Amino acid sequence: MIAALVLPRLTASGGRVLAVAGRNVVALRRAGWLVFISGAIEPFLYLFSIGIGVGALVGDMPLPDGTVVSYAAFVAPAMLAASAMTGALTETTFNFFGKMKFWKLYDSVLATPVGPMEIAFGELCWAMARGAVYAASFLVVMIAMDLTSPLRALLALPATVLIGFTFGAVGMLTATLMRGWQDFDLIGTIQFALFLFSGTFVPATAYPAALRWLIEATPLYRSVDLIRALTTGTTGWLQAFDIAYLLALLALCLWAASRRMSRRLRK
């Protein structure tokens, strides 16, 4: 009896989520697929310039368990995690903020049966669809360069999607707190600081103890730690903590974002 009542509602809600995501596909077709392809270029530039170029000077890098890998194999998973963060934040801060505050897109959407949580899930699904394509292409290059194995890449792909979902939820919550376009300067500064100081180019152990603990508490560090362990085959109990951390942050930010968006749109 309960299943008969709940299942149709869940199916209808899923259809509305897909409709929100599908609207972005239509918009992308009109904007041109070059915009879609350009988003995958940045991590490759970092990989070839720093991972390979600087790596020729740095040499090998030790991992927490003592395993030694090439500098390119050390940097590549960090580039993948940072790319998932950047893509998700761009889609769910800049685009989401514009749709909500200036283009008033969601005002008309809420006139339909679609609710705030379904809008949030739909936008996240779209951001993750883009992110999954970027991640898959980057992992193919990592396999071709012998920086990881096909099986490890297969395990890293859903982890990358989880990272994108988490930062997408963070971006949505941030967008509901923003007052104007000027706030993007602060977001860009925080994002760049995370990119530089999350174990991306050097291990966290290279920093002073107080700074190291602060770094290891950031979501990008936990993301880098997860992807690096998966692509190098050095997984352990810390990766379970990484996943739990990201899932908790995802749930908290998505819940808070949907509530704030509901209040803002219904004013």
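This section describes the packing of helices α7 and α10 and the salt bridges in a predicted model.

Helix α7 (residues 150-177) packs with helix α10 (residues 219-232) at an angle of about 170°, and the two axes are 8 Å apart. Angles over 145 degrees count as roughly antiparallel, and α7 and α10 are therefore roughly antiparallel to each other. On the α7 side, the contact comprises Arg152, Leu155, Ala156, Ala159, Thr160, Ile163 and Phe167. These residues meet Pro219, Leu220, Ser223, Leu226, Ile227, Leu230, Thr231 and Thr232 of α10. By class, the contact residues are 10 nonpolar, 4 polar and 1 charged.

The salt bridges number 3. Two of them involve arginine 222. Arginine 222 pairs with aspartate 225 at 3.6 Å, N to O; the two residues are 3 apart in helix α10, about one helical turn. Arginine 222 also forms a salt bridge with aspartate 242, with the closest N and O atoms 2.5 Å apart. Because arginine 222 lies in α10 and aspartate 242 in helix α11 (residues 237-265), this pair ties together parts 20 residues apart in sequence. Arg222, Asp225 and Asp242 are thus linked in a network of salt bridges. Arginine 222 is buried at 5% relative accessibility, aspartate 225 is buried at 14%, and aspartate 242 is likewise buried.

The remaining salt bridge joins the side chains of arginine 212 and glutamate 216 at 3.0 Å, N to O. Both residues belong to helix α9 (residues 209-216), where their spacing of 4 residues corresponds to about one helical turn. Arginine 212 is partly exposed, with 28% relative accessibility, whereas glutamate 216 is buried at 14%.

Notes
Residues numbered from 1 in each chain as written. Predicted model: local features only at pLDDT ≥ 70, side-chain atom pairs only at ≥ 80, totals over all residues. Heavy atoms only, no water. Axes fitted to C-alpha atoms, helices over the stretch in contact; angles between N-to-C directions. Parallel < 35°, antiparallel > 145°, perpendicular 65-115°, else oblique. Contact = heavy atoms within 4.5 Å. Nonpolar A, V, L, I, M, F, W, Y, C, P; charged D, E, K, R; others polar. Salt bridge = Lys/Arg side-chain N within 4 Å of Asp/Glu carboxyl O. Buried < 20%, exposed > 50% of the residue type's maximum accessible area, 1.4 Å probe, protein only.
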